[in-house]
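Reader: I should like to learn how to read the features of a protein model one at a time. Might we begin with the overall picture and then turn to particular contacts?

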Amino acid sequence: EGGCMPRLTKRTSEETPVDPQTDAFVGRALDVEYKKKNEEMADQLCVDQKVQFWDEGWRYGIVDLLPAADEPKYGKVRVVHSITGRVWVDGRDVRPLKEKS
């Protein structure tokens, strides 16, 4: 008495074309774009430079550490803030301050 229905074993094997506007596609593109922006910005900064950075609001600090291109944190910037101390920030969230002459 095999009263069970047979299991569905056939699956559609056709690949559905990727819609370029899916969340995953857009998300991956943003990841690549942000990574590029982070690295470009980090490459323009130097240690001990005064900067404005975003950390739950715009703050002022000094660049403390810039990882090299072969390090995992490349594209991130460690900034020293007078109150919150050292924080890691994405490079695109850091703006150099213009020195007043």
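Author: The dialogue below goes from the chain as a whole to its individual side-chain pairs. Please keep in mind that this is a predicted model.

Reader: How many helices and strands are in the chain, and what pattern do they follow along the sequence?

Author: The chain contains one helix and five strands. Read along the sequence, their order is α-β-β-β-β-β.

Reader: What percentage of the residues count as buried, and how much area does the chain expose?

Author: Of the 101 residues of the chain, 23% count as buried. The chain exposes about 8500 Å², and carbon and sulfur atoms supply 52% of that area. As for contacts between residues at least 6 apart in sequence, 39% of them join residues at least 24 apart.

Reader: Let us take a single residue. Is V94 buried or exposed, and where does V94 lie?

Author: A residue counts as buried when its relative accessible area is under 20%. V94 has a relative accessible area of 2%, and is therefore buried. V94 belongs to strand β5, which covers residues 94-96.

Reader: Which residues is V94 in contact with, leaving aside its neighbours within four places in sequence?

Author: With those neighbours left aside, V94 is in contact with M41, L45, V51, Q52, F53, V77 and V89. A separation in sequence may also be set beside one in space: V94 and Y60 are 34 residues apart in sequence, while their C-alpha atoms are 9.5 Å apart.

Reader: Helix α1 is another place to look. Is E39 buried or exposed there, and what does E39 touch?

Author: E39 is in helix α1, and its relative accessible area of 18% makes E39 buried. Not counting residues up to four places away in sequence, E39 touches Y74 and G75.

Reader: Which residues form a nonpolar patch on the surface?

Author: The nonpolar patch on the surface is formed by F25, V26 and L30, which together have about 210 Å² of accessible area. L30 is found in helix α1, residues 23-44. With 32% relative accessibility, L30 counts as partly exposed.

Reader: Let us turn to salt bridges. How should one read them, and how many does the structure hold?

Author: The criterion is a side-chain nitrogen of Lys or Arg within 4 Å of a carboxyl oxygen of Asp or Glu. The structure holds eight salt bridges. One of them joins the side chains of E33 and K37, with an N to O distance of 3.0 Å. Both E33 and K37 lie in helix α1, four residues apart, which is about one turn of the helix. E33 is partly exposed at 36% relative accessibility, and K37 is partly exposed at 37%.

Reader: Which strands hold R86 and D64?

Author: R86 and D64 form a salt bridge whose closest N and O atoms are 2.8 Å apart. R86 lies in strand β4 (residues 85-90) and D64 in strand β2 (residues 58-65), so the pair ties together parts that are 22 residues apart in sequence. R86 counts as exposed, at 55% relative accessibility. A network of salt bridges links D64, R78 and R86.

Reader: What is the salt-bridge distance between K76 and D90, and is D90 buried or exposed?

Author: The closest N and O atoms of K76 and D90 are 3.0 Å apart in their salt bridge. This pair links distant parts of the chain, with K76 in strand β3 (residues 76-81) and D90 in strand β4, 14 residues apart. D90 is buried, with a relative accessible area of 19%, whereas K76 is partly exposed at 29%.

Reader: How many aromatic pairs does the structure hold, and why is the arrangement described as it is?

Author: The structure holds one aromatic pair. The ring centres of W54 and W58 are 5.5 Å apart and the planes stand at 75°, so the pair is edge-to-face; planes over 60 degrees apart count as such. W54 is partly exposed, with a relative accessible area of 42%, and W58 is partly exposed too, with 37%.

Reader: Finally, which charged ends sit over the rings of W88 and Y34?

Author: The charged end of K73 sits over the ring of W88, 4.6 Å from its centre. Over the ring of Y34 sits the charged end of R92, 3.8 Å from the ring centre.

Technical notes. Residues are numbered from 1 along each chain as its sequence is written. This is a predicted model: local features need pLDDT of at least 70, side-chain atom pairs count only at pLDDT 80 or more; totals for chains, interfaces and linings use all residues. Side-chain values use heavy atoms; hydrogens and water are left out. Patches are made of residues with over 30% relative accessible area and no salt bridge: like charges are joined within 9 Å, nonpolar side chains (Val, Leu, Ile, Met, Phe, Trp, Tyr) within 5 Å. Accessible areas come from the Shrake-Rupley method with a 1.4 Å probe; for residues, only the protein chains shown count as cover. Helices (H or I, at least four residues) and strands (E, at least two) are DSSP runs, numbered from the N terminus. Buried means under 20% relative accessible area, exposed over 50%, partly exposed in between (1.4 Å probe, protein chains only). Rings of Phe, Tyr and Trp (its six-membered ring) pair if their centres lie within 6.5 Å; planes under 30 degrees apart count as stacked, over 60 as edge-to-face and the rest as tilted. A charge sits over a ring if NZ of Lys or CZ of Arg is within 6 Å of the ring centre and within 35 degrees of the ring normal. Contact means heavy atoms within 4.5 Å.
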